[in-house]
Amino acid sequence: MPPTHLVIGVDFGTTNWPDPEAHSPTTNKVPTAVVYNIARPEKVLDWGYGAIRRRDGQGSELFEWFKLLLQPESYDENMAGDMLELKNLKDLLHTYGKSAEDVTVDYLKCIWRHTEKQLCMKLGPSFMVEYSVQVVFTIPAIWEPGSRNKVKGLAHKAGLPKNIEFVQEPEAAAMEVLKGSRNIGKGDIITVCDAGGGTCDLQTYEVLTPQPYLKVREFEVGEGGFCGSIFIDKAFETYIESLVGPKQYSAIPGRSKEKMKRNFDWGIKPMFQYNLDENPRLSVDLPGVRDNIPLGIDDGTIRLLSMEQLDKVFRPTCLKVQELVDKQVRKAIERKKTTLVLLVGGFGESSYLFDLLRNSGLGKSSIVKLLQSKKPWTAVCRGATLWGLEHCPSPDDTDKEVMIESRKSQYSYGIIDTPPFDPTKHDEQDKFWDPADAIDRARQIEWIGREIKDGDKFTTEQQRAIRIQFFDFGVRRFHDEVVYCGSDSPPRRRGDSKVKNLGFLPWKVDCKKIRWHERRTGAPFTGRAYFRFRYTLELVLGSTLLEVFAIYRGKRMGMAEMQLGGDGHSVSEYDDDGDTEENEQAPESAVEQTAAPGAEQTAEASGAHYNERIFELPSPTHTNGYARRASVFTTLS
C-alpha cells in the first residue's frame with residue numbers, strides 16, 4: 001500500500017507561528033525576520049516575532065526584508081531607490097559577510113524545525129517515514145524566471161524535503177476562494193487580487209463551467225507590483241518622524257518604535273476608513289517621546305493623529321493597487337462580462353483599500369462587483385495545499401478534475417530553428433554557414449503560444465547532418481535548447497537580449513542505428529559524406545513543468561523536465577530500446593561551437609548539428625522523468 005501523501009503549504013513570510021504576546025486575529029502572520037548574535041554571526045538567536053522583540057537587544061542584529069533581495073531583477077528602480085531599509089540591509093549583509101540567500105536558509109531552517117515539531121506532536125515522530133511529504137511554496141507573480149529553482153535550492157539547503165513544488169500566489173488564492181464560491185455563473189470573469197505585505201499580485205479567470213466541477217481558464221496574463229502594506233507602514237513611520245522631529249525620533253528606543261508600529265499595524269491600518277469623517281479619534285503609543293500638548297503628544301501617546309495626513313499615508317500605495325486592478329478588469333468590461341474582484345491577503349482586508357476601489361470609475365460600473373475574502377490572511381497558504389491536493393496522482397490512477405483548465409503564461413516558450421538565410425527576413429548577425437548543405441542559415445526561434453493547457457503537446461520536426469566514419473562506434477550526443485521571453489511580441493532572433501535560456505535537452509543516438517537507417521549523401525562542392533536524419537521534438541505542457549522529448553524513428557531518445565518560469569531542470573537519456581539511463585553524466589562545461597569553415601572536424605567530434613550552437617549542461621541531476629513525476633505530486637489524501 002503506497003504511503004499517505006502529506007502536503008505542507010508555505011506562503012513565504014506569512015507562515016503560521018505562535019506569538020504569545022500578540023492578541024490580534026492576524027497572529028497567523030509571522031514577520032520575515034532573523035536575529036543573529038553579533039559576536040558569532042553564524043548563530044541565529046531568534047526568528048519571527050521573537051526576532052522582532054529582540055530588536056536593538058544587546059549583542060544582537062536584526063535582519064528583515066531579505067525576501068525582496070532574492071529577486072532583485074524585478075525591482076522597480078524608483079521604488080527600490082527610496083527604500084532605506086533595503087539599503088541598510090545590503091550594508092548589513094556586507095558587514096557580516098552574508099547574502100540574502102544565507103539569511104533565507106537560516107530563516108527556512110527555523111520554520112522547518114517548528115513545522116517538524118508540530119507535526120511530530122500531531123502525527124508521531126516517524127511521520128517523515130510514514131508519509132510521502134511534499135512542500136508547496138507560493139511565490140509572487142512578478143518574480144522573474146529562475147526564482148523557483150533558487151528558492152528550491154535554498155529550501156533543500158535548509159533541510160526541507162526534496163519534494164518541493166511552486167505555485168504563484170494569485171493562483172493559490174484562487175484555488176482557495178473560488179472553490180468555495182457559489183455565486184458565480186458560466187462566463188463570469190473573476191479577478192483575484194492578492195494584496196500582501198510586499199507585493200500585490202493579480203490573476204483574472206473566466207468561468208467555463210460552475211457545476212458539478214468548477215472549471216476556469218485564465219482570462220488575462222497575471223501581473224503584480226511592489227505595492228504591499230509594508231509601504232504604508234513605512235509612510236506612517238515617516239509621518240510620525242516628521243511629527244515629533246527627526247532628531248528626537250532617532251533617539252527613541254527601537255522597542256518603543258516597534259510598539260508604535262504594532263499599534264498602527266493591528267489597530268489603525270485594518271479599520272482606517274476611506275471616508276475620513278467616519279474615523280474615530282486615533283492614537284498610537286510611543287514610549288519615550290516628549291510631551292507636546294498642542295501636537296496631541298501626552299504621556300507617551302500621540303493622541304491627535306491628522307486624518308488628512310493619514311490619508312496621505314494610505315493613498316499612494318492604494319492607488320497603485322487600483323491601477324493594477326483597472327488593467328485586469330478593463331478588458332472584461334469592454335466585453336460586457338460580469339466581473340467579480342475578490343480581495344485576499346492581509347492588505348486585502350483594509351477598509352480603506354476596499355472603499356477606494358469601490359469608489360473608483362471601474363468600481364462604480366454596474367457589472368463589476370467587489371468582495372473581500374472571508375479569511376484573507378491565510379487564503380494563499382491554504383490554496384497552496386489545495387493545489388497540491390489537486391495535482392497529486394489519484395490512488396486508482398484515474399484522471400483528476402483540475403480547476404484551472406488553461407493558463408495565460410507570462411512568457412512565450414520556444415525552440416531553436418535554423419531555416420535557410422533570407423536577407424529580407426533575417427539579421428546578418430544570425431547568419432552562419434552550413435557545410436553539409438553548403439548554404440547560409442539563420443539562427444531563429446519557433447515560439448509556442450501563451451495559452452497553456454495541462455497535457456498539451458507541441459511537436460516540431462528537426463533535421464541534423466553528421467559525419468560518421470566507417471570505424472566510428474558508440475553514440476553521438478546532441479543538445480537542443482529551450483528558450484523563453486517575456487515580451488508581448490517575442491523576437492525571432494536567438495541573439496536578442498530579450499530571449500533567455502530555459503534549459504537544454506540532451507539526447508543520444510547509436511552510430512550503428514544511423515548508418516543502418518539513414519542514407520549517406522555528399523556535401524555540395526566538398527564532396528564530404530554526411531548522414532542526414534530527421535527527428536521530432538515533443539514538448540508536453542503542465543501546470544508547472546515543461547517536459548521535452550527527443551524522438552528518433554518513433555522512440556524517445558532523451559527527455560528533460562523544465563520548470564515553467566524557472567531555470568531548473570532534470571534530464572534523462574534513453575538507450576536504443578527506449579529504456580532510461582539514470583546515471584549518465586552530463587557534460588560539465590559550457591561551450592559554444594560555430595560552423596565556421598575549417599571547423600567541421602571539431603563539430604563532428606562532438607556529434608553536433610552544424611546549424612546549431614553546441615551547449616553542454618551544468619551537471620544537472622539525471623532522473624527518470626516518469627518516476628520523478630510520480631513522486632513530485634504528493635498530498636494528504
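## A nonpolar surface patch

Phe-470, Phe-471 and Phe-473 form a nonpolar patch on the surface, and together they have about 450 Å² of accessible area. Patches are built from residues with over 30% relative accessible area and no salt bridge, nonpolar side chains (Val, Leu, Ile, Met, Phe, Trp, Tyr) being joined within 5 Å, and the areas come from the Shrake-Rupley method with a 1.4 Å probe. Within this patch, Phe-473 is found in the loop between strand E21 (457-466) and strand E22 (475-485), where helices (H or I, at least four residues) and strands (E, at least two) are DSSP runs numbered from the N terminus. Phe-473 counts as exposed because its relative accessible area is 58%; exposed means over 50%, buried under 20%, and partly exposed in between (1.4 Å probe, protein chains only).

## Basis of the model

This is a predicted model, in which local features need pLDDT of at least 70 and side-chain atom pairs count only at pLDDT 80 or more, while totals for chains, interfaces and linings use all residues. Residues are numbered from 1 along each chain as its sequence is written, and side-chain values use heavy atoms, with hydrogens and water left out.

## Nonpolar cores

The largest nonpolar core (a set of buried Ala, Val, Leu, Ile, Met, Phe, Trp, Tyr and Cys residues joined through side-chain atoms within 4.5 Å) has 44 residues, and those with the most contacts inside it include Phe-63, Tyr-107, Val-135 and Leu-160. Among the elements that each supply at least two residues of this core are strand E1 (4-11), helix H3 (84-95), helix H4 (100-123) and strand E5 (131-139), and H4 gives the most, with 9 residues.

Not counting residues up to four places away in sequence, Phe-63 touches residues that include Val-34, Tyr-36, Leu-89, Leu-92 and Val-103, contact meaning heavy atoms within 4.5 Å. Apart from the largest core lies another, of 43 residues, among them Ile-240, Tyr-249, Leu-353 and Val-368.

## Salt bridges between distant parts of the chain

Side chains of opposite charge can pair when their charged atoms come close. The structure holds 21 salt bridges, each being a side-chain nitrogen of Lys or Arg within 4 Å of a carboxyl oxygen of Asp or Glu. In one of them, the side chains of Glu-169 and Lys-67 meet at 3.8 Å, N to O. Glu-169 lies in helix H7 (residues 169-179) and Lys-67 in the loop between strand E4 (60-64) and helix H2 (77-81), so the pair ties together parts that are 102 residues apart in sequence. Both Glu-169 and Lys-67 are buried.

Arg-553 forms a salt bridge with Glu-518, with the closest N and O atoms 3.8 Å apart. Because Arg-553 lies in the loop between strand E26 (545-552) and strand E27 (555-563) and Glu-518 in the loop between helix H14 (511-517) and strand E24 (520-522), this pair ties together parts that are 35 residues apart in sequence. Arg-553 counts as partly exposed, at 49% relative accessibility, whereas Glu-518 is buried, at 15%.

## Arg-441 and its partners

Arg-441 is found in strand E18 (residues 439-442) and counts as buried, at 10% relative accessibility. Arg-441 forms a salt bridge with Asp-437, the closest N and O atoms being 2.7 Å apart, and Asp-434, Asp-437, Arg-441 and Arg-532 are linked in a network of salt bridges. A polar atom of the Arg-441 side chain also lies 2.9 Å from the backbone oxygen of Thr-418.

Note on methods: Patch = residues over 30% accessible without salt bridge, like charges linked within 9 Å, V, L, I, M, F, W, Y side chains within 5 Å. Polar contact = N/O pair within 3.5 Å; in protein donor to acceptor, adjacent residues only side chain to side chain.
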